[in-house]
Amino acid sequence: MKTFKLLLYLFLFLAYTSAASQNLTLIGEIVDRFKNTSIPYATIGVKGKSFGTVADENGRFSFTIPATAVSDEEQVIVSCVGYKSVETTVSALKQGHQLISLPSAQINLNEVTVKARKVKTKSFGRTGNSTMMVSNMYTENNLVSDELAKEQGTIIKLDEEVLLKDFNMYVVFNRFKYVKFRLNIYSVKDGLPDKSLLKEDIRFDVTEKKGWVKVDLSNYHIFLEGQDKVAVTIQWLKSEAIEGNRKSFAISAVPVPSRSVFFRDKSQDQWKEVSPSYLSFYLTADSYKGKNINAPSETPQTEAYVLPDSLKYLRFLAMQTPINLQSKHRYGDSLEVGNYVNVNSAKLYYEMYGQGEPLLLLHGNGQSISAFSQQIASLSKHFRVIAVDTRAHGKSLDDVKVKLTYDLFASDMKLLLDSLNMKQVNILGWSDGGNTALKMALNHPEYVKNIAIMGANLFPDNTALESGLLELFNKQLEELEGKKEEQSLNRARLLRLLLNEPQMSYKDMSAIRVPVLVMAGEHDVILESHTKAIADSIKGAKLIIFRDASHYAPQEIPIEFNKAALQFFAPQSSNL
């Protein structure tokens, strides 16, 4: 027995030392070259890669990277607003603790003379705080715990000459005691953030748990001339968690056509763009030259937006778990497993994965099979997954003159299952897919074994949906009037579906006799009171409200979402 323990300890020791030898820990200290004082919160990053960190308040830094991920010759760039960047190499930092000095930036300031002329205080950016999705800077599901230097932001259009007064952002939730951010403002080149326009480092703490956060910029005297647009970002510098609280921080966002969010994991990483998406960031400024300078102050217009046609988020919405790019399948567009079936004068596209009991995946309005890109691999380990593009979505085809209803969708699914000789199927439906799943249980109960719905609703009114959502859909529909191309006609009927359906009642739900899991996000566009009422109206239904998530929980928190689905559909499999 003693011999076995000794061998076990030896094995663990060798495994630890082997793993340690495969990593590099780079440490050092950053100081002002002329004053020899520490530079707090300077950033360190491997050029072009997502490796790096932020120095602490004393200028000290330490970070670990896989030894095989970088070469000795690769550049490491140390930078801070107000200083010239300094380049070193991985090889130099491998020698041990390094003292890195940064010279002050020589900033040539042209004299700015503001003549007596008309000035108008204006807001630039998104002033709304309605939330269709949340942009999480940090969640506990991240595989890498060091979030330091993570940065995200958006492009804001400006007038020709502006003096910035303040920066504002809307926090959906903050589970930390505080978070320290750096505000960055960049010029824009080729549609991406380029060079910093600031001469002083702007840092601010967020202690608010929810709501608008204002950063006063008046003391920084930021006068921008000739910049028709700028990239405004925030960078994570430091945080203090609250014991027992989930580590989460999120900013309000909505999917808006032609708007994008930009992010990078570390200070020298490549910028990534995600669209359509629009953060609740705005600048207040005195405008001295620009459009409508003589016009009276305007009330910000209600923003129009449409639901994304597929969730092409990479690491945006949760900035956390990446889509599995190693999969040999392209979910929603697979030559290997894709098939078509004719149903009700439509041609439905579907894909099947895995073995076991059948599990039908039903996506939401405007989405496609790819919306479940972070569920299919996990669920197909335990089920025969059937992922389908609903008619008028994805690769499925139908006549654009046909009115869309959830009854029709449910009938389509019945015929699809008939073609596959399947009954007693598990169904996971998200948003519109959840509505269709409920219709399946009511209209075709013999085809349904268990149902899990995410963000479903029984009827389209303001007691079920977030205030203003139906008005926005109506505005989108008005903009499509008179357009005859197929894409516009299809989009119009999808909007009519959202505005007019479903038409179910709580009493209808009492007729459902199969096990049901009702899910929604804490910040869902489906009101929590409505989601709870659905669960209460179905005998024996289970209810889950995902904290720190929105209507897009399957993409925002895929690990937690998949676990909940598995625990419901196959409790014996959820712990594997």
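**View 1. Strand E18 is mostly covered.** In this predicted model, six of the six residues of strand E18 (residues 249–254) are buried. E18 pairs with strand E11 (residues 161–174) in the antiparallel sense, over three bridges. Find Phe173: it stands opposite Ala250 in E18. E18 also pairs with strand E21 (residues 278–279). That pairing is antiparallel too, and it has two bridges. Here Ala253 stands opposite Leu279 in E21.

**View 2. Strand E11 is largely enclosed.** Of the 14 residues of E11, 12 are buried, so the rest of the structure largely encloses this strand. E11 pairs with strand E22 (residues 281–289) over eight bridges, in the antiparallel sense. Asn168 stands opposite Tyr282 in E22. Asn168 also has a bridge partner in E15, namely Lys214. E11 and strand E15 (residues 211–216) are antiparallel and share six bridges. Strand E16 (residues 223–225) pairs with E11 over three bridges, again antiparallel. Look there for Val162, which stands opposite Leu224 in E16.

**View 3. Three strands, E4, E1 and E7, form an open sheet.** Their order is E4-E1-E7, and the pairing is mixed. Strand E4 (60–66) and strand E7 (98–102) stand at the edges. Each has a single partner strand, so one side of each is left without a neighbour in the sheet. From one strand to the next, the twist averages 35°. Strand E1 (residues 23–32) and E7 run parallel and are joined by five bridges. One place to look is Glu29, whose bridge partner in E7 is Leu99.

**View 4. Four strands form an antiparallel open sheet.** The order is E3-E2-E5-E6. Strand E3 (52–54) and strand E6 (86–89) are the edge strands, and each pairs on one side only. The twist averages 20° from one strand to the next. Strand E2 (residues 43–46) pairs with E3 over three bridges, in the antiparallel sense. In E3, Val54 is the bridge partner of Thr43.

**View 5. The largest nonpolar core has 50 residues.** Nonpolar side chains tend to be buried together in soluble globular proteins. Leu360, Leu416, Ile427 and Ile451 have the most contacts inside this core. Helix H6 (residues 469–480) gives the largest share, five residues. Another core lies apart from it, with 35 residues. Val81, Val162, Val213 and Ile222 are among them. Now return to Leu416. Leaving out residues up to four places away in sequence, Leu416 touches Val341, Val343, Tyr350, Leu360, Ile386 and Val388.

**View 6. Leu428 lies in strand E27 (residues 425–430).** Its relative accessibility is 0%, so Leu428 counts as buried, the cut-off being under 20%. Ala452 is 24 residues away from Leu428 in sequence. In space, their C-alpha atoms are 4.8 Å apart. Leaving aside neighbours within four places in sequence, the contacts of Leu428 include Leu359, Leu360, Leu361 and Leu362. Phe372, Leu379, Ala452 and Met519 are also in contact with Leu428. So are Phe561 and Phe569.

**View 7. Helix H11 (residues 558–569) has the span expected of it.** At 1.5 Å a residue, its 12 residues should span 16 Å. The end C-alpha atoms are 16 Å apart, which agrees. The buried residues of H11 are Pro558, Phe561, Asn562, Ala564, Ala565, Leu566, Phe568 and Phe569. Two of these names, Phe561 and Phe569, also appear among the contacts of Leu428.

**View 8. Helix H9 (residues 528–537) has its own buried residues.** They are His530, Thr531, Ile534, Ala535 and Ser537. An α-helix has 3.6 residues a turn, so residues three or four places apart point the same way. What covers the buried residues of H9? The cover includes two strands, E28 (448–454) and E29 (516–523). It also includes helix H8 (506–509) and strand E30 (542–550).

**View 9. The whole chain sets the scene for the close-ups.** The chain has 11 helices and 30 strands. Of its 576 residues, 54% count as buried. Take the contacts between residues at least 6 apart in sequence: 76% join residues at least 24 apart. The chain exposes about 26,300 Å², and carbon and sulfur atoms supply 49% of it.

How values were computed. Residues numbered from 1 in each chain as written. Predicted model: local features only at pLDDT ≥ 70, side-chain atom pairs only at ≥ 80, totals over all residues. Heavy atoms only, no water. Buried < 20%, exposed > 50% of the residue type's maximum accessible area, 1.4 Å probe, protein only. Contact = heavy atoms within 4.5 Å. Areas by Shrake-Rupley, 256 points an atom, 1.4 Å probe, with all protein chains shown as cover. Core = buried A, V, L, I, M, F, W, Y, C linked by side-chain atoms within 4.5 Å. Pairing = 2+ DSSP bridges. Axes fitted to C-alpha atoms, helices over the stretch in contact; angles between N-to-C directions. Expected span 1.5 Å × (residues − 1).
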